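User: Hi! I am new to reading structures, and I would like to understand the reasoning behind the words people use for them. Could you take me through this one?

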Amino acid sequence: MSAMGDSIGNAHAMAANAQSLAELKAALEAFNGCALKRTATNTVFADGTPAGGILFIGEAPGRDEDRIGKPFVGRAGQLLDKMLLSIGLDRNVNAYITNVINWRPPDNRDPSSEEAAQCLPFLRRHIELAEPQLIVLLGAVAARHVVGGCEGIMKLRGRWMEYRIGGYNVPLMPTLHPAYLLRQPAHKKLAWRDLQAIATRMEEIGLPRVPMRAN
Ligand code: URA
């Protein structure tokens with residue numbers, strides 16, 4: 001088997017062995033099959049509260065996330081927190097956050113499809129173990145690697161899809177990435193529309209929401 005095939009095979013085996021989120025985090029920290037790990041400071045696994053039932057999946061850690069070891073802690077993360085709060089979500093209470101890629105790509109370049117393929121078995125197992133009832137994909141890279149196909153994020157955003165895992169389908173919606181919204185604030189209204197649809201779906205499923213703060 002090629003080195004590439006080996007690393008993906010190892011990722012599958014190590015991810016499948018993990019029986020809890022803590023074991024999966026440890027497996028990821030022990031996995032050396034993705035070259036991005038060599039240039040990264042930290043393995044970025046997740047942040048937040050899986051028990052809230054809603055999972056947000058971003059692209060890859062940036063500089064701040066690499067330094068701190070948690071996803072979405074920089075400027076994009078601050079906007080994400082505001083977006084979450086607008087629909088009664090708080091990562092410390094009822095929202096869970098991870099990325100497709102667990103190590104920072106040098107200079108924040110787009111991850112390659114090989115790098116994504118090496119991380120995806122861990123993401124899949126992550127979803128299985130976290131048991132979300134709703135999944136939100138943040139941005140084009142997450143949509144490309146989780147949904148596949150060749151449609152761009154502007155076509156995919158706001159559309160309900162299903163993610164099949166462990167014998168059941170989880171509703172999934174791609175939306176715009178907060179870093180993109182920082183560059184294109186005029187598109188915040190599209191993300192707002194998506195957030196409203198997500199809030200409605202949360203209501204229907206009966207997912208808990210934190211009281212909104214006036215500020
Ligand atoms: N952008 C992402 O997609 N993920 C992070 O964790 C930070 C920025």
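Analyst: Happy to! Keep in mind that this is a predicted model. Let's start with Pro 211, which is found in the segment after helix H10 (188-205).

User: What makes Pro 211 count as exposed?

Analyst: The relative accessibility of Pro 211 is 70%. The word exposed is used for values over 50%, so Pro 211 counts as exposed.

User: How far apart are Pro 211 and Leu 89 in sequence and in space?

Analyst: In sequence they are 122 residues apart, while their C-alpha atoms are 8.7 Å apart in space.

User: Leu 207 is also in the segment after H10. Is Leu 207 buried or exposed, and how do you know?

Analyst: Leu 207 has a relative accessibility of 7%. Buried means under 20%, so Leu 207 counts as buried. Its C-alpha is 25 Å from that of Glu 59, and the two residues are 148 apart in sequence.

User: Which residues are around the ligand?

Analyst: They are Gly 58, Glu 59, Ala 60, Glu 65, Pro 71, Phe 72, Asn 99 and His 177.

User: How does that shell divide into nonpolar, polar and charged residues?

Analyst: There are three nonpolar, three polar and two charged residues in the shell.

User: How do you know that His 177 makes a polar contact with the ligand?

Analyst: We check the atoms and then the distance. A polar side-chain atom of His 177 lies 2.7 Å from an oxygen atom of the ligand. A polar contact needs a pair of N or O atoms within 3.5 Å, so this pair qualifies. Asn 99 can be read in a similar way: one of its polar side-chain atoms lies 2.8 Å from a nitrogen atom of the ligand. For Phe 72, a polar backbone atom is 2.9 Å from a ligand oxygen atom.

User: How much of the ligand does the protein bury?

Analyst: The ligand taken alone exposes 240 Å², and the protein buries 91% of that. The space taken by the ligand is the largest pocket.

User: Why is Asp 47 called buried?

Analyst: Asp 47 lies in strand S1 (residues 47-48). Its relative accessibility is 16%, and the cut-off for buried is under 20%, so the word applies to Asp 47.

User: What joins the side chains of Asp 47 and Arg 91?

Analyst: A polar contact of 2.9 Å joins them.

User: What makes Ala 143 a buried residue?

Analyst: Ala 143 is in helix H7 (residues 140-146). Its relative accessible area is 2%, and buried means under 20%, so Ala 143 is buried. Ala 143 and Val 100 are 43 residues apart in sequence, with 9.6 Å between their C-alpha atoms.

User: And Leu 156 in helix H8 (residues 153-156): is Leu 156 buried or exposed?

Analyst: With a relative accessibility of 4%, Leu 156 counts as buried. From Leu 156 to His 177 there are 21 residues in sequence and 13 Å in space, C-alpha to C-alpha.

User: What can you tell me about phi of Asp 107?

Analyst: Phi of Asp 107 is near 55°, a positive value in a residue other than glycine. Most residues other than glycine have a negative phi. Asp 107 lies in the loop between strand S3 (96-99) and helix H6 (113-130).

User: How do you know whether Asp 107 is buried or exposed?

Analyst: Its relative accessible area is 72%. Exposed means over 50%, so Asp 107 is exposed.

User: Where is Glu 131, and what is its phi near?

Analyst: Glu 131 is in the loop between H6 and strand S4 (134-138). Its phi is near 50°, a positive value in a residue other than glycine.

User: Why is Glu 131 called exposed?

Analyst: Its relative accessible area is 52%. The cut-off is over 50%, so Glu 131 is exposed.

Terms used: Residues numbered from 1 in each chain as written. Predicted model: local features only at pLDDT ≥ 70, side-chain atom pairs only at ≥ 80, totals over all residues. Heavy atoms only, no water. Near = heavy atom within 4 Å. Polar contact = N/O pair within 3.5 Å; in protein donor to acceptor, adjacent residues only side chain to side chain. Areas by Shrake-Rupley, 256 points an atom, 1.4 Å probe, with all protein chains shown as cover. 1 Å grid on protein atoms, 1.4 Å probe; cavity = no way out; pocket = protein on both sides within 12 Å on 5 of 7 lines; lining within 4 Å. Sits in = over half its atoms within 2 Å of the grid points. Nonpolar A, V, L, I, M, F, W, Y, C, P; charged D, E, K, R; others polar. Helix = DSSP H or I, 4+ residues; strand = E, 2+ residues; numbered from the N terminus. Buried < 20%, exposed > 50% of the residue type's maximum accessible area, 1.4 Å probe, protein only.
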